[in-house]
Amino acid sequence: MPNAETAIQLDRVSRQYTMGGATIQAVNDVSLSIARNEFLALLGSSGSGKSTLLNLIAGLDRPTSGSITAQGQNLAELTSIELARYRCNTIGMIFQSFNLLPRMTLEENIELPLRLAEVAREERPGRVHEVLERVRLTHRLGHRPTELSGGEQQRVAIARALVNRPKILLADEPTGNLDSATGEAVLSLLRDVQRELGMTIVMVTHERPLAERYADRLAIMGDGKLLSASEITKEAAQ
Amino acid sequence: MKTRDLADLAFRNLREAILRNALTTLGVAVGVASLVAMMSLGVGLQELASKRLSQSGLFDTIFVTPKNNFRGIGRPQREVEADKPARTLDEDARQAIEKLPNVIEVYSQVRFFTEVRFNNKPFATVVAGMPDSSRNSGSFDGMQGNFFSSPTANEAILQIEFAKDLSEKPASLIGQDLVLRYAERQALPANDDSSSPSGGPSGGFSVVPKELRLKIVGIVETEPAAGYGGYGNARLLMPLSTASTLRAAQVNDLRDIVRDNTANKTTYPSLSVRAKSPSQVETLEASIKAMGFAAFSLLDASKSLRTFFSVFDLLLGIFGSLALAVATLGIVNTLVMAILERRREIGVLKALGAADSDVQQLFFVEAGVMGLFGGFLGVLFGWLLGRAITFGTNVYLKRQNLNPIELSSVPWWLVIAAIVFAILVSLAAGLYPASRAAKLNPVDALRYE
């Protein structure tokens, strides 16, 4: 049962797909509790179901069975509009391929969640500047994403994820497209953000060494299941 | 999302694929243009016909005659209803009718047979007095020479057929004089009481031949005084005031003698009452009938004319809409293509918190904006097309020595209706793509490369 210290509670969550007549069990009976202000790394090989689990937590998909409670909200009970509001206000997401809109400048990309959250126009420039400062990219405000390096693009994506001041940050392979030095810089930034802003971070990755260095806890998945029933602490991993 | 943000994003999206969206918008514009051009021709022709007809005075004029007028030999007199006693159509009556609401003018028809002497040859014809207001009636548009210089001038305008009788070169008649021979009424003193058992009928009048010299100032090809009320076509026109002062003997004079109506008052065989607009004719006609006169107008003919043009406009509208229907398919195609291209973007928007309705509205607004621009451009193109058709027609008419006409007309209601229609059609075209975009699964969309 979730308590006040629990940010995300997964109870026997399953997600299965039907593809060409076959049923694929992407996530199979996963129960997991993630504490507030925790940095959890979700590890596993390709197809292990970690990204599906992340999408379920993000409210982009709904589980076939089981329940997900995030920040006190039972996602199963939310309508599609409420779920959209949940994604807008409670969740921030970053992706492996950054997913910045190439037609927009950095400022416009970062402003997008503010538009969706219907934040007052006069408040927006300050909020954009604030997050760009946090990722140290204020000087690139008017640039387009294609004019930036991969690391810079991921920092912009982090800024965009943070602009609505979410409580939970979900990262899907955030270092997958970056070289190791840049990847580390990005993770370092994520950890700083988590500590300074008091956020819960769930990061999907298959780079175990990096995860062990920056995450508070590791959870390993395989074939849709949470392999380790007990939580894996960093000390144990080392 | 707020409307302004939606509009911002929609404009931005449209700008990004500027060529494709411009071409789609152009498609809408061509559709609207064909619709507007067709409708403007319909409206233009209707206006042209209405203008000609209203200028003819047929549709805003009520012809008033006394109720117990002669109806011709062998035809029974109309029954006079007891509650509406027949009244004499005299000067009092004329003034009373003039005071009715929505009456522009009331004038008598002065028409009489005459013998015209020109180059010492006699020509018999009917003379009609024309009110000064007929100057602007359109009947005299394109006439040779000029309209009367003043309402009391001793001048004449000849109908072309009559002018041809006078001279082989009708144009040469302008500026020449002709002599009008007519019969003037001269009132006789009242009969002596002793010789009249009934006591006091008026003395009647004698008819004296008179002559008047008129200067020919113009020749007209239309028939501004086409006969109504059975008086025949007048082929020599003169100012009404001048004609009235002649006191020429008219058709009703004999009747008045018999009926003893001549007592010191001018009576009229008929009066023409011009209403401010054809829409007021019906009420006015009823009022005049209630006063005890016979009245008729050609309103019914005008009604069927309106029905004809309504059907005509509808048909033109349907043909014009075909191009717009094709343009609609263009919008559907463009937006469906945009969904494919922007699949990932839709996924990102949803991941960032866009509701299905936000995505739907975004595509909807994009379709609406294309409709709006297409509508504006289309109205402009349609107007230009109408002008071009009018220009071409007038070049042809000029070659045929005919007067130019205004063939197309784009009234304000058509401008607004066309733009609103373009937006509505575009929104309808955007329905399917918008709902398809809204239903896109964000997980699939984010995975899409």
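Helices (H or I, at least four residues) and strands (E, at least two) are DSSP runs, numbered from the N terminus. This is a predicted model: local features need pLDDT of at least 70, side-chain atom pairs count only at pLDDT 80 or more, and totals for chains, interfaces and linings use all residues. Residues are numbered from 1 along each chain as its sequence is written, while chains are lettered from A and ligands numbered from 1 in the order in which they are written.

**Exercise 1. Place B:Arg185**

Find the strand that holds B:Arg185, then decide how exposed B:Arg185 is.

Step 1. B:Arg185 lies in strand 7 (residues 177-187) of chain B.

Step 2. Apply the cut-offs: a residue is buried if 20 or more other C-beta atoms lie within 10 Å of its own, exposed if 12 or fewer, and partly exposed in between, with C-beta atoms placed from the backbone.

Step 3. B:Arg185 has 19 other C-beta atoms within 10 Å, so B:Arg185 is partly exposed.

Step 4. Now look along the chain. B:Lys210 is 25 residues from B:Arg185, and their C-alpha atoms are separated by 9.8 Å.

**Exercise 2. Find the partners of strand 8**

Describe how strands 5, 6 and 7 of chain B pair with strand 8 of chain B.

Step 1. Use the rule that two strands pair if DSSP finds at least two bridges between them.

Step 2. Strand 5 (residues 144-145) and strand 8 (residues 205-220) of chain B run antiparallel, joined by two bridges. Here B:Gly145 stands opposite B:Gly218.

Step 3. Strand 6 (residues 155-159) of chain B pairs with strand 8 of chain B in the parallel sense, over five bridges. B:Gln159 has B:Val220 as its bridge partner.

Step 4. Strand 7 of chain B is antiparallel to strand 8 of chain B, with 11 bridges. B:Leu180 faces B:Leu212 across this pairing.

**Exercise 3. Check a helix length**

Compare the span of helix 10 of chain B with the expected value.

Step 1. The expected span is 1.5 Å times one less than the number of residues.

Step 2. Helix 10 (residues 356-399) of chain B has 44 residues, and 64 Å is expected.

Step 3. From first C-alpha to last, helix 10 of chain B reaches 63 Å, close to that value.

Step 4. Just after helix 10 of chain B, B:Asn401 takes a positive phi of about 60°.

**Exercise 4. Describe a helix pair**

Give the geometry and the contact of helices 3 and 4 of chain A.

Step 1. Axes are lines fitted to C-alpha atoms, for helices over the stretch in contact, and angles run from 0 to 180 degrees between N-to-C directions.

Step 2. Helix 3 and helix 4 (residues 124-134) of chain A pack at about 115°, with their axes 10 Å apart.

Step 3. Two residues are in contact if their C-beta atoms, placed from the backbone, lie within 7 Å. Helix 3 of chain A gives A:Glu107, A:Ile110, A:Glu111 and A:Leu114. Helix 4 of chain A gives A:Arg124, A:Arg127, A:Val128, A:Val131 and A:Leu132.

**Exercise 5. Read the interface**

Which elements of chain A give two or more residues to the side that touches chain B?

Step 1. In total, 20 residues of chain A are in contact with 18 residues of chain B.

Step 2. The elements are helix 1 (50-58), helix 2 (80-89) and helix 3 (106-116) of chain A.

Step 3. Helix 2 of chain A gives the most, with six residues.
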